[in-house]
Amino acid sequence: MTVLLRVHDLAVHYGHIEAVKGVDFHLNAGEITALVGANGAGKSTTLLALSGLLRPARGHVEFDGEDITHLAPHEIVRRGVVQVAEGRAILTTLTVAENLALGAYTRPDKGAVAQTLEEVFALFPRLKDRAGQLAGNLSGGEQQMLAIGRALMAKPRLLLLDEPSMGLAPLMVQEIFRTLVEINRLGLSILLVEQNVRQALKIASHGYVIETGKIVLADSGENLIHNPKVIEAYLGV
Amino acid sequence: MLEQQLLNALTLGSVYALFALGFTLVFGVLAVINLSHGAVFMAGSYAALFLVTRFELPLWAALPGAALFSGLLGLLVDVLILKPLRARNAPHLIPMIATIGVGIILTSAAQGLFGAEIRRFPEEILPAGEFTVGEVHVRALEIAIVAIAFALMGLLLWVLRGSQTGRALRAIAESPKAAWLLGINVERLFHVTSFVAAALGGVAGVLIGLDFNAITPQMGQPILHKGIAVIILGGMGDIRGALIGGLFLGTAEVLAKGYLSSQMGDAIAFGLLFLILLLRPSGLFGRVLERKA
Amino acid sequence: MEAFGDFWSTYSTLVYSVGVHMLLALSIWLTLSCGLLSLANAAFMGIGAYVGALLTLNLGWPFELVLLAAGAAPALVALVIGAPVLRLSGVYLAMATLAFGEVVRVTALNLEITGGPEGLNGIPLATSGWHIVAILALTLYGLHRLRRSRVGRAFEAIKEDEVAARLMGIDVDRHKLFAFTLGAMIAGVAGALNAHFTFFISPREYGFENAVDILTMTVLGGTGNLAGPLMGSAILTLLPELLRFLHDYRPMVNGAVLILVVLFLPKGISAALRRPPSQREDTPGTASTAAAQAAVEAAEEPATVLAIQQVGKHFGGLQVLEDVSFIVPAGGIYGLIGPNGAGKTTVFNLATGLLAPNGGRIEFAGRDLAGLAPHRITRLGLARTFQNIRIFGEMSLLENVMVGMHHHLDYGPLALLANSRACRAAEARARARALELLSWVGLAHKAGMEADELSYGDQRKLEFARALATEPRILLLDEPVAGMNPAEKTALMAEIRAIRDRGYSVFLIEHDMRFVMGLCDRIAVLNFGRIIAEGTPEEIRDNPEVIEAYLGREEA
């Protein structure tokens with residue numbers, strides 16, 4: 001199995017605060033890997049550093065054999081690492097269609113982009129119905145679909161997802177996770193950051209538990225779900 | 001006579017709008033009030049004068065030359081001053097203060113190089129034609145000014161509406177972070193925006209210089225204040241608002257000068273502006289765009 | 001002596017100008033020190049100058065009286081326009097004050113009584129060096145006293161984080177208005193002083209360029225201390241004299257100074273000359289831990305501290321809270337849990353008055369909180385911390401905590417100016433209490449450090465101490481253990497229990513179940529904007545709906 005993403009000793013600081021204290025993990029091509037942990041554990045910080053929006057204090061990130069640690073964010077997107085940020089980062093003053101068009105910002109081939117758009121609409125038919133509306137008028141679930149669809153427009157090789165379940169009703173969470181599994185079956189690798197532990201680990205091949213900026217557990221998703229330490233950490237039983 | 005006044009209002013208003021457009025574009029995209037925009041306007045006007053008198057370029061060639069020159073000034077300000085401040089995450093008032101400094105430097109440089117006295121374009125190079133429609137006296141120059149201003153504004157609006165770059169700029173205006181994650185090179189578009197905005201400001205400077213045929217180092221100051229009035233009227237960062245606000249202010253000013261005293265016109269304009277800020281800080285037409293991190 | 005006479009006849013105007021510019025720089029320093037960029041001070045100076053000159057010329061008032069009136073007039077104007085103008089923030093405020101300045105200038109240009117564009121001529125030379133020295137000294141002394149008082153701390157807190165300042169019980173709007181008005185007064189007096197040694201004034205002297213000049217002086221010197229504006233104005237007034245050889249290019253120096261300072265000395269010259277802040281003198285004395293009165297009289301406490309009744313909240317079309325009701329009993333530790341995005345922090349924002357509910361009622365100790373401003377709610381006895389820690393990073397730990405005591409320090413302005421015994425005693429008590437609170441959370445030995453230099457865990461503890469300083473009856477903690485390791489969490493549990501044992505009620509939001517289960521007496525569970533369970537930790541633990549909300553459904 002080929003390793004697509006390898007993170008080595010990554011550390012990120014905010015001023016005097018060390019939010020991520022040297023984490024090591026990797027992700028195999030074609031798999032879903034989950035990064036779970038409590039609020040403030042450093043999950044989002046890690047993702048932002050992977051996308052180049054935060055500068056790591058040390059360590060490096062290797063994507064498909066290339067060191068991308070110090071690349072600018074848009075260069076990282078060009079290499080195929082695309083993030084759906086926390087809170088969905090939908091552009092509310094643009095229409096749904098414009099949001100999707102911007103997803104393909106890095107791709108010059110218009111024909112191919114049009115084809116991807118059809119694929120995205122096939123995956124999320126609701127987006128097609130609402131293409132002309134302002135994205136700010138969508139419901140929470142629809143915004144999450146738009147965020148994922150927009151990321152797919154870039155034809156990513158690795159999708160970084162930050163808490164796709166946040167603020168969504170349980171049924172909508174189910175739908176989003178089903179979609180993620182489907183996208184993954186089509187060949188896309190996914191790094192999933194979640195606080196919805198059980199859901200995330202259920203669909204993940206591998207999982208890492210992060211606590212106060214450090215990886216404390218690493219195992220297959222299946223094993224982690226049944227690991228009493230994980231249950232203890234999350235339910236306090 | 002009202003028709004004549006309205007023609008003057010259209011000429012003045014279209015230049016105000018052109019000036020304010022660049023001003024509001026920078027605020028929308030870079031979230032900076034660029035108080036050197038007035039000085040860049042003045043610099044554009046001197047650049048055209050210099051090209052016409054020193055190199056004897058025709059006006060149609062001097063205009064793009066002046067646009068290029070002021071655009072480069074804007075780019076320089078962005079690269080040398082605004083970029084380091086962005087990197088440091090300076091509070092948003094800090095870049096504004098720095099651009100005040102730029103304005104002072106440019107104004108004083110112009111005064112040193114060209115003197116404080118009024119300079120004029122040679123009469124013979126100005127478009128000479130004029131004709132009368134009904135009772136309205138129309139100069140070819142005025143038509144050219146209005147045409148150029150509207151053409152440039154139309155072009156900008158079209159780019160912002162329909163092109164991928166335009167969408168990217170609107171994405172940055174809402175959230176630079178989201179824009180980065182879409183693969184947009186936000187820094188480069190900051191530079192492009194600074195260049196384009198300053199170039200538009202420079203062209204506006206040339207047009208005003210031609211309209212009144214008077215250029216002074218201080219000419220940037222009043223237009224800067226009017227630009228501020230316009231973008232507050234139209235809503236800060238709102239492109240269409242700047243267009244309408246510019247025409248509105250031009251009309252108000254011409255009519256006030258025509259029917260009241262010439263100075264009180266300004267007092268009314270700014271008093272109005274002051275009231276709008278208190279009652280509707282988002283502008284007459286706009287809404288407040290709260291920018292996300 | 002003769003040489004001095006020569007010097008004086010040549011340079012007296014310059015020396016006077018330095019003094020006037022110092023006053024102007026101090027006037028804008030005041031507003032800057034609470035984070036407001038106002039460009040109105042040149043206009044205020046103009047109002048003072050015109051009022052003063054007209055009183056002298058037309059009514060022949062004695063000069064001292066003229067100065068008073070010249071200070072009062074712009075202060076009055078500031079008071080009137082301040083309330084609406086100061087609602088604006090950041091660039092909007094700068095633009096509004098700039099527009100106001102234009103209105104004043106153009107008005108002076110058009111009125112007959114102000115002499116129109118010609119201005120006023122032949123103003124008697126009433127200003128003496130002593131006037132300037134005395135007024136400057138008085139201003140400096142007053143501002144120095146202010147800076148070291150609750151007001152100065154409040155200014156700094158407002159500058160750093162307005163929301164946090166409100167929640168420390170500070171009436172932010174009044175403080176801003178005070179700074180704006182006092183600044184206008186100083187600028188007005190400076191204007192009258194200036195008018196009475198230059199013979200002549202005109203609207204040109206009070207425009208945008210002058211507002212910028214004043215600002216440049218303060219920015220150059222730095223706003224961190226009083227020496228900043230003094231140095232800045234001295235340098236920028238004298239520099240042009242030394243640079244006469246530059247002729248027309250002279251103003252360029254001002255522009256360059258502005259840019260270079262902003263780029264390379266963001267805190268101004270005076271800060272660059274100072275020692276690094278971590279070695280500041282705020283090192284603590286010993287806390288006079290005279291067992292400070294127990295924060296709460298348990299006997300008087302009603303059984304319910306906080307009652308949330310059928311509260312709803314939506315943002316646009318997004319319903320965040322729906323029909324939320326629960327009761328936080330007195331004297332215990334109450335927990336509100338739920339997945340991210342469930343609406344927990346919104347509950348805190350409603351309770352502390354940062355947001356208004358769209359329906360329902362929130363009662364604190366039997367009192368309806370509807371319509372109360374955040375600082376009023378804090379003063380009633382409700383304090384909170386934030387999920388993303390909002391301490392005042394550039395203030396010392398001691399100052400941070402003392403900001404929390406703002407409304408318990410009730411000395412008046414006269415006591416402050418006179419540095420009366422009551423005032424000193426109150427400050428000393430506050431200081432001792434602050435040190436005591438810092439030692440509760442184990443930070444007393446770092447009291448003089450800047451808060452930004454603390455580690456994450458210590459910043460949380462500081463936020464606790466600061467919240468306790470408001471003497472609350474109930475303490476609202478927003479995810480207190482976010483980002484902490486197990487050892488720190490255990491220590492914090494003990495600390496929260498200790499706080500409870502001192503008589504405070506605690507109401508906390510938390511995501512960490514283990515922490516909540518081990519600590520809380522009762523728990524409410526919020527999911528998707530609704531309360532889905534309420535009860536003891538045992539009841540919650542066995543509730544299948546809660547488990548599902550938390551871990552996700554068993555079978556997906």
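In this predicted model, five bridges connect strand 1 (residues 304-315) of chain C with strand 4 (residues 359-364) of chain C, and the two strands run antiparallel. Within strand 4 of chain C, Glu363(C) is the bridge partner of Ala307(C). The pairing of strands 1 and 4 belongs to an open sheet of four strands in chain C, ordered 2-1-4-5, with antiparallel pairing. Strand 2 (318-329) and strand 5 (367-368) of chain C occupy the edges; each has a single partner strand, so one side of each lacks a neighbour in the sheet. As a rule, strands of a sheet pair through backbone hydrogen bonds, in either a parallel or an antiparallel manner.

**Chain C as a whole**

Chain C contains 22 helices and 10 strands. Its C-alpha trace spans about 95 × 50 × 45 Å along the principal axes. Of the 556 residues in chain C, 54% are buried. Among the contacts in chain C with a separation of 6 or more, 77% are between residues 24 or more positions apart.

Helix 8 (residues 172-195) of chain C comprises 24 residues and extends 35 Å from its first C-alpha to its last, close to the 34 Å expected at 1.5 Å a residue. Because 20 of the 24 residues of helix 8 of chain C are buried, this helix is largely enclosed by the rest of the structure.

**Contacts between chains**

Chain C meets chain B through 35 residues, which are in contact with 34 residues of chain B. On the side of chain C that touches chain B, at least two residues each come from helix 3 (63-85), helix 4 (90-110), helix 9 (208-221) and helix 11 (250-264) of chain C. Helix 4 of chain C provides the largest share of that side, 15 residues. By residue class, the side of chain C that touches chain B consists of 28 nonpolar, five polar and two charged residues.

Chain B also meets chain A: 15 residues of chain B are in contact with 20 residues of chain A. Helix 6 (164-174) and helix 7 (176-181) of chain B are the elements that give two or more residues to the side of chain B that touches chain A. The largest share of this side, six residues, is from helix 6 of chain B. The residues on the side of chain B that touches chain A are divided into seven nonpolar, four polar and four charged. The table sets out the composition of these two sides.

| Side | Nonpolar | Polar | Charged |
|---|---|---|---|
| Chain C, touching chain B | 28 residues | five residues | two residues |
| Chain B, touching chain A | seven residues | four residues | four residues |

**The nonpolar core**

In soluble globular proteins, nonpolar side chains tend to be buried together. In this model, the largest nonpolar core has 357 residues, and those with the most contacts inside it are Leu18(B), Leu21(B), Val203(B) and Leu438(C). Helix 1 (residues 2-30) of chain B makes the greatest contribution to this core, with 15 residues. Leaving aside residues up to four places away in sequence, Leu21(B) touches Met153(B), Leu156(B), Leu200(B), Ile239(B), Ala242(B) and Leu243(B).

**Local features of chain A**

Strand 6 (residues 81-84) of chain A is covered on both faces: Val81(A) and Gln83(A) are buried on one side, and Val82(A) and Val84(A) are buried on the other. Strand 6 pairs with strand 7 (residues 158-162) of chain A in the parallel sense over four bridges. Leu158(A), in strand 7 of chain A, is the bridge partner of Val81(A).

Helix 4 (residues 110-123) of chain A has 14 residues, which should span 20 Å at 1.5 Å a residue; its end C-alpha atoms are 20 Å apart, in agreement. Thr116(A), Leu117(A) and Val120(A) are buried in this helix. They cover an arc of only 105° around the axis and therefore lie on the same side of helix 4 of chain A. The cover over the buried residues of helix 4 of chain A includes helix 3 (96-103), helix 5 (125-129) and helix 6 (140-152) of chain A. The face turned away from the buried side of helix 4 of chain A carries the exposed residues Gly111(A), Ala114(A), Gln115(A), Glu118(A) and Ala122(A).

Pro56(A) lies in the loop between helix 1 (43-50) and strand 4 (58-63) of chain A. Pro56(A) has 22 other C-beta atoms within 10 Å and is therefore buried. Not counting residues up to four places away in sequence, Pro56(A) touches Leu10(A), Ala11(A), Val12(A), Ala49(A) and Thr69(A). A distance of 9.7 Å separates the C-alpha atoms of Pro56(A) and Thr45(A), which are 11 residues apart along the chain.

Key
Residues numbered from 1 in each chain as written. Chains lettered and ligands numbered in written order. Predicted model: local features only at pLDDT ≥ 70, side-chain atom pairs only at ≥ 80, totals over all residues. Contact = placed C-beta atoms within 7 Å. Nonpolar A, V, L, I, M, F, W, Y, C, P; charged D, E, K, R; others polar. Buried ≥ 20, exposed ≤ 12 C-beta atoms within 10 Å, placed from the backbone. Pairing = 2+ DSSP bridges. Expected span 1.5 Å × (residues − 1). Core = buried A, V, L, I, M, F, W, Y, C linked by C-beta atoms within 7 Å. Arc of directions from axis to C-beta.
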